[in-house]
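Colleague: Could you take me through one part of this model closely, starting with a pair of neighbouring strands and working outwards from there? I would enjoy a connected account rather than a list.

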Amino acid sequence: MKVYKSEKLIERGKHLHLFSVRDEQRSMPLHTHDFIEIVYIVSGSVLQTVDGVSYHMKRGDIVFLNYGCTHAFSSDEPFSYINVCFSPELLGSSLYTRAPFFSPSFMQYSFATALSFICTQVQFFLRNS
């Protein structure tokens, strides 16, 4: 099984990697990675398998793939999607480590800040693609 590494995908000094795929009929074999991935289906449909469970996704669906999970997808028809990849550190250390002083309010702030940043980057990407 292929393992993708964030340092090969996300540019040094950047926080995330965005790309889109339009009207392709394709499959991606089972793989995993050390970054978080958000996939938004723009058109068409696809079968996404995550940790052994299959989900039929269609236009408007979104999937959040945590780092370390195994997943694959396949489609018999052309589909389009937007992919956002980012390192877990972007969400704040309290989400991915067992910090001795866990603070739910800090976690919520970190997550909200990171999610806002990601949404802003996606909007910028869409306007310029």
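Modeller: Happy to. In this predicted model, strand E9 (residues 79-86) runs antiparallel to E2, and the two are joined over 7 bridges. Within that pairing, Leu18 sits opposite Val84 in E9. The two strands belong to an open sheet of 4 strands, ordered E2-E9-E4-E7, with antiparallel pairing. Strand E2 (16-24) and strand E7 (62-65) are the edges of this sheet; each has a single partner strand, so one side of each is left without a neighbour in the sheet. From one strand to the next, the twist averages 15°.

Now for the aromatic rings. A pair of aromatic rings is described by the distance of the centres and the angle of the planes. The whole structure contains 4 aromatic pairs. One of them joins Phe73 and Phe79 in an edge-to-face arrangement, with 5.8 Å from centre to centre and 85° between the planes. Phe73 has a relative accessibility of 11% and Phe79 one of 2%; both values lie under the 20% cut-off, so both residues count as buried. Phe79 also pairs with Tyr81: here the ring centres are 5.4 Å apart and the planes meet at 20°, so this pair is stacked. Tyr81 is buried, as is Phe79. Taken together, ring pairs connect Phe19, Phe73, Phe79 and Tyr81 into a cluster.

The chain has another sheet that is worth setting beside this one. It is an open sheet too, made of 5 strands in the order E1-E3-E8-E5-E6, and its pairing is mixed. Its edge strands are strand E1 (2-4) and strand E6 (53-58), each of which pairs on one side only. The twist in this sheet averages 30° from one strand to the next. In general, strands of a sheet pair through backbone hydrogen bonds, either parallel or antiparallel. E1 and E3 take the parallel sense, over 3 bridges, and Lys2 stands opposite His31 in E3.

Strand E3 (residues 27-33) also holds His33. At 3% relative accessibility, His33 is under the 20% cut-off and therefore counts as buried. Its side chain makes a polar contact of 2.9 Å with the side chain of His71. Setting aside neighbours within four places in sequence, His33 is in contact with Tyr4, Tyr67, Gly68, Cys69 and His71.

To place all this in the whole chain, the secondary structure comes to 2 helices and 9 strands. Along the sequence these elements follow the pattern β-α-β-β-β-β-β-β-β-β-α. Among contacts between residues at least 6 apart in sequence, 73% join residues at least 24 apart. Of the 129 residues in the chain, 35% are buried. The accessible surface is about 8,200 Å², and carbon and sulfur atoms account for 56% of that area.

Key. Residues numbered from 1 in each chain as written. Predicted model: local features only at pLDDT ≥ 70, side-chain atom pairs only at ≥ 80, totals over all residues. Heavy atoms only, no water. Buried < 20%, exposed > 50% of the residue type's maximum accessible area, 1.4 Å probe, protein only. Contact = heavy atoms within 4.5 Å. Areas by Shrake-Rupley, 256 points an atom, 1.4 Å probe, with all protein chains shown as cover. Phe/Tyr/Trp six-rings, centres within 6.5 Å; stacked < 30°, edge-to-face > 60°. Polar contact = N/O pair within 3.5 Å; in protein donor to acceptor, adjacent residues only side chain to side chain. Pairing = 2+ DSSP bridges. Axes fitted to C-alpha atoms, helices over the stretch in contact; angles between N-to-C directions.
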